[in-house]
Amino acid sequence: MTSFTTNPALEHLALMVTPVNNWYQRNINSKEDRYIFSDDIFAVLDGHGGTIISDTLSKNLEPAIRSKLADIDKSNEDVIRSTIIECFQEIDTQIIEMIKSKPNCGSTCTMVIRLNNKLVLINLGDSNLVLYVNGEKRIVMKEHLYSNP
């Protein structure tokens, strides 16, 4: 997870998340990916082995994060980091129970959260998070793999 201060006027900011795997070779009909779009939270959930996890994350992750972040000191990066990690750990515990009947499924999560004048960048999985600032492409976070923890 990374956070950095941005200009409060974020109109020159664009974001692109790119799967590392050859997405064009995947079965387009499987439609396992899900997304979260709101004013201050954006996420790509790259599902695999079915939609159970990406569906669950698309419905539950944003409200869980909002609830956890509601009453914390948003100026303290350590508090933000530990709160978000705690949220993901709680959801992970729920998901582990869910997949006992379907163990070969899962989802990555690449997320950006805007907190006042900061962006919090989260990447769990095999996607790159690419940030464009004033038209300049920057790869902010590389994929999170077994070989690149």
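Strands here are DSSP runs of E with at least two residues, numbered from the N terminus. The model is predicted. The exercises below work through it by element and residue.

**Exercise 1. Lay out the secondary structure: how many helices and strands are there in the protein chain, and in what order do the elements run?**

Solution.
- Step 1. Count the elements. The protein chain has 2 helices and 10 strands.
- Step 2. Read them from the N terminus on. The order is β-β-β-β-β-α-α-β-β-β-β-β.
- Step 3. Look at sequence separation. Among contacts between residues at least 6 apart in sequence, 56% join residues at least 24 apart.
- Step 4. Add burial. Of the 149 residues in the protein chain, 36% are buried.

**Exercise 2. Place A43: which element holds it, is it buried or exposed, and what does it touch?**

Solution.
- Step 1. Find the element. A43 sits in strand β4.
- Step 2. Apply the cut-off. Buried means under 20% relative accessible area. A43 has 0%, so A43 is buried.
- Step 3. List the contacts beyond four places in sequence. A43 touches R34, Y35, I36, T110 and M111.
- Step 4. Check one partner by distance. A43 and M111 are 68 residues apart in sequence, yet their C-alpha atoms are 4.1 Å apart.

**Exercise 3. Do the same for I41: where is it found, and with which residues is it in contact?**

Solution.
- Step 1. I41 is also in strand β4.
- Step 2. Its relative accessibility is 3%, so I41 counts as buried.
- Step 3. Leave aside neighbours within four places in sequence. I41 then contacts I36, E62, I65, R66, M111, V112 and I113.
- Step 4. Take E62 from that list. The C-alpha atoms of I41 and E62 are separated by 7.4 Å, with their positions 21 residues apart along the chain.

**Exercise 4. Describe the largest nonpolar core: how many residues has it, and which elements give two or more residues to it?**

Solution.
- Step 1. Start from the general tendency. In soluble globular proteins, nonpolar side chains tend to be buried together.
- Step 2. Size the core. The largest nonpolar core has 24 residues. Those with the most contacts inside it are L61, I65, I84, F88, M111 and I113.
- Step 3. Assign the elements. Two or more residues come from each of β4 (41-45), α1 (52-69), α2 (77-98), β7 (109-115) and β8 (118-124).
- Step 4. Find the main contributor. α2 gives the largest share, 6 residues.
- Step 5. Follow one member. Beyond four places in sequence, L61 touches I36, L45, T56, F88, I91, C109 and M111.
- Step 6. Look elsewhere. Another core, of 5 residues, lies apart and includes L119, L121, L129 and M141.

**Exercise 5. Characterise the packing of α1 and α2: at what angle do they pack, and how far apart are their axes?**

Solution.
- Step 1. Choose the descriptors. Two packed helices are described by the angle between their axes and the distance between the axes.
- Step 2. Give the values. α1 and α2 pack at about 145 degrees, with axes 10 Å apart.
- Step 3. Give the hand. The crossing is right-handed.
- Step 4. Name the contact residues. From α1 come I52, I53, T56, L57, N60, L61, A64, I65, K68 and L69. From α2 come T83, I84, E86, C87, F88, E90, I91, I95 and M98.
- Step 5. Sort by class. The contact has 13 nonpolar, 3 polar and 3 charged residues.
- Step 6. Compare with another α1 residue. K59 lies in α1 and is exposed, with a relative accessible area of 60%. The C-alpha atoms of K59 and Y35 are 9.6 Å apart.

**Exercise 6. Classify the aromatic pairs: how many does a search of the whole structure find?**

Solution.
- Step 1. The search finds 2 aromatic pairs.
- Step 2. Y35 and F37 have ring centres 6.1 Å apart and planes at 25 degrees, so this pair is stacked.
- Step 3. F37 and F42 have ring centres 5.0 Å apart and planes at 50 degrees, so this pair is tilted.
- Step 4. Join the pairs. Y35, F37 and F42 form a cluster.
- Step 5. Add exposure. Y35 is partly exposed at 45% relative accessibility, and F37 is exposed at 60%.

**Exercise 7. Examine N116: where is it found, and what is its phi?**

Solution.
- Step 1. N116 is in the loop between β7 and β8.
- Step 2. Its phi is near 55 degrees, a positive value in a residue other than glycine.
- Step 3. N116 counts as exposed, at 62% relative accessibility.

Methods: Residues are numbered from 1 along each chain as its sequence is written. This is a predicted model: local features need pLDDT of at least 70, side-chain atom pairs count only at pLDDT 80 or more; totals for chains, interfaces and linings use all residues. Side-chain values use heavy atoms; hydrogens and water are left out. A nonpolar core is a set of buried Ala, Val, Leu, Ile, Met, Phe, Trp, Tyr and Cys residues joined through side-chain atoms within 4.5 Å. Buried means under 20% relative accessible area, exposed over 50%, partly exposed in between (1.4 Å probe, protein chains only). Helices (H or I, at least four residues) and strands (E, at least two) are DSSP runs, numbered from the N terminus. Contact means heavy atoms within 4.5 Å. Axes are lines fitted to C-alpha atoms, for helices over the stretch in contact, and angles run from 0 to 180 degrees between N-to-C directions. A crossing is left-handed if the near helix is turned anticlockwise from the far one by less than a right angle, and right-handed if clockwise. Ala, Val, Leu, Ile, Met, Phe, Trp, Tyr, Cys and Pro count as nonpolar, Asp, Glu, Lys and Arg as charged, and the others, Gly among them, as polar. Rings of Phe, Tyr and Trp (its six-membered ring) pair if their centres lie within 6.5 Å; planes under 30 degrees apart count as stacked, over 60 as edge-to-face and the rest as tilted.
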